[in-house]
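Student: Please take a close look at the backbone framework of this model. I want to know how its pieces pair and pack, and how far the model can be trusted.

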Amino acid sequence: MRRIAFIEVRGLLCGALAEGLIEARGQDGDDRPAAGAKVVIKDGRVLDFSAEAGAAGVLVGVRERHAKQACHWAKLVDYDEAAYRPVVSSFFDLLINLSPVIEPVSETQAFVDLTGLRAEGEALAALVGSAVPRMAFKLWIGIASSKLVAKAAVLGSQGAYTPARLTQVTTMPGAEIIEVLRGGEADYLAPLPPDRLWRLDEATVSKLEGLGITTIGQLAHLPQGQLNRRFGLGGRLILDLARGLDPAPVRPLYPRREFEERLPFDAGVSDAKVVAAAAGRLAVKLSRRLSQNFEGCRRVLLEVRAGPTAYHAARGFPRPESSAATLKGALMTLLSRLTINEPVTSLKAVAGDLTPLSGLQPDLFYEPVAVSHERAKAREGLGGTIEALRQKYSDRVIAFGKDDEVPRRERMLALWDPYRSGRSEPCPVSSTAASRSNSTPTIPHGPSVTALSTG
């Protein structure tokens, strides 16, 4: 029997471990002492907040201006992935004591597969004792037979929805463990609105509401044929989710797969040109490793150590990247953002969020050549070999073929990138949801050589 937990922590990015990592933005017109009230902002919305800010009415996901209205004396902190990386990792490292199968959802949320965990109660109590209050001020743990219901249990607890006959709630100092009893999943979901089926995208939920569906229970009693006519083959998924059936497994995504390259300087370096050249070499090394594995990265992090201080910067890419030029440009941009007044003792570059590059094909040397000057050298050597063959044999045997051109339709379809969203949790359902993607990756093309048989 599957046992899946959804764990959410509050105050992780504002706690003692995060102190001093990021400079807070001051607020105008402060008329009260901050007293620890902090709000972490990411992409204009609240990502995390301290206990004091939460008591004032700040909520996760609201816009920055709403957070200011609720707690105008709080210190605002801009989220920095590279700087907060050790804090987030320290929390996920605690989850490894529960299970090796951990799927991070955000910086403060994760799914954990508890199936087969011995002494589950003691293990969860140890987790709470390690996290609260040292790391955060609040922890929610939802447990159910599926990811869908486990997350719904946490959302329900935060909204004071814990029906006694369907849930078992264990309260600890700073934590709540909410278990939806097996067999009661459909009844637990029944009175909730359709948007609690978080695996469905917003467009699908809007269509359901347009049909007059106000609760998941109503949706669960709709005929399968009616949903199929409206949503195609995706209607089956909608009905299963409404009945509490979610076979999606917890994916082992932590520790994250990353490529890391480091370059130390025995004697500190103060010359900016030398440091920039070293960053360029790190980009080439990362590019080679990515190309050898036919993968690209969606983010890159840079760490610069100068004396006892470590400076961090990070940036993301809209689509997976593996070229040395792109990585070098990103590292140079990150390097320019850092203000370093001491000799640099080491550089470290990390390529994260690795994604297979399905459109990358091997060249004649059975591996992609990522560095431009190496590719030019390889082409030059191949050209010499072909010319020697043409001198030895007639043009009837060795001839140059035409350049391979990708049809316009294929080029247009290649503009759609299935990895662009970077998240796999929302599950869009429409009349075409079950059909295969028509996108075709761009295939590098160039001169081809045709060997003609003499028969």
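Tutor: What follows takes confidence, then sheets, then helix pairs, then backbone details.

This is a predicted model: local features need pLDDT of at least 70, side-chain atom pairs count only at pLDDT 80 or more, and totals for chains, interfaces and linings use all residues. Residues are numbered from 1 along each chain as its sequence is written, and side-chain values use heavy atoms, with hydrogens and water left out.

Confidence comes before geometry. pLDDT is the predictor's confidence in each residue, on a scale from 0 to 100. The chain average is 82. At least 70 is reached by 80% of the residues. Residues 365–370 stay under 50. For that stretch the model has 12 contacts beyond four places in sequence; a contact means heavy atoms within 4.5 Å. Residues 419–426 also stay under 50. There the model has 18 contacts beyond four places in sequence.

Now the sheets. Helices (H or I, at least four residues) and strands (E, at least two) are DSSP runs, numbered from the N terminus. Two strands pair if DSSP finds at least two bridges between them. Strands of a sheet pair through backbone hydrogen bonds, either parallel or antiparallel.

Start with the open sheet of six strands. Its order is S5-S6-S1-S7-S9-S8, and the pairing is mixed. Strand S5 (102–106) and strand S8 (167–172) are at the edges. Each has a single partner strand, so one side of each lacks a neighbour in the sheet. From one strand to the next, the twist averages 15°. Angles here run from 0 to 180 degrees between N-to-C directions, and axes are lines fitted to C-alpha atoms, for helices over the stretch in contact. At the S8 edge, six bridges link S8 to strand S9 (residues 175–180). S8 and S9 run antiparallel. Within this pair, Thr171 has Glu176 in S9 as its bridge partner.

Next comes an open sheet of three strands, ordered S3-S2-S4, with mixed pairing. Strand S3 (45–49) and strand S4 (75–78) are the edge strands, and each pairs on one side only. The twist averages 35° from one strand to the next. Strand S2 (residues 38–42) runs antiparallel to S3, with four bridges between them. One bridge sets Lys42 against Arg45 in S3.

Strand S11 (residues 295–306) and strand S12 (residues 309–321) run antiparallel, joined by nine bridges. They form a hairpin with two residues between them. Gly307, in the turn, has a positive phi of about 65°. Cys297 stands opposite Glu321 in S12.

Which way does helix H11 pass helix H12? The crossing is right-handed, which by definition means that the near helix is turned clockwise from the far one by less than a right angle (anticlockwise would be left-handed). H11 covers residues 272–292 and H12 covers residues 324–337. Their axes come within 8 Å and cross at roughly 140°. The two helices are therefore oblique to each other. Angles under 35 degrees count as roughly parallel, over 145 as roughly antiparallel, 65 to 115 as roughly perpendicular, and the rest as oblique. On the H11 side, the contact includes Val275, Ala279, Leu282, Leu286 and Leu290. On the H12 side, it includes Leu327, Lys328, Leu331, Met332 and Leu335. By class, the contact has 13 nonpolar, two polar and one charged residues. Nonpolar means Ala, Val, Leu, Ile, Met, Phe, Trp, Tyr, Cys and Pro; charged means Asp, Glu, Lys and Arg; the others, Gly among them, count as polar.

Helix H9 (residues 224–231) and helix H10 (residues 234–242) make another contact: their axes come within 7 Å and cross at roughly 130°. H9 and H10 are therefore oblique. H9 passes H10 in a right-handed crossing. Gln224, Leu227, Asn228 and Phe231 in H9 meet Gly234, Gly235, Arg236, Ile238 and Leu239 in H10. This contact has four nonpolar, four polar and one charged residues.

Finally, the backbone. Most residues other than glycine have a negative phi, and most peptide bonds are trans. Ala119 is not a glycine, yet its phi is positive, about 50°. Ala119 lies in the loop between strand S6 (109–113) and H4. The Val132 to Pro133 peptide bond is cis, with omega near 0°. Pro133 is in the loop between helix H4 (120–131) and strand S7 (138–144). Tyr254 and Pro255 are also joined by a cis peptide bond, with omega about 0°. Pro255 sits in the loop between H10 and strand S10 (259–269).
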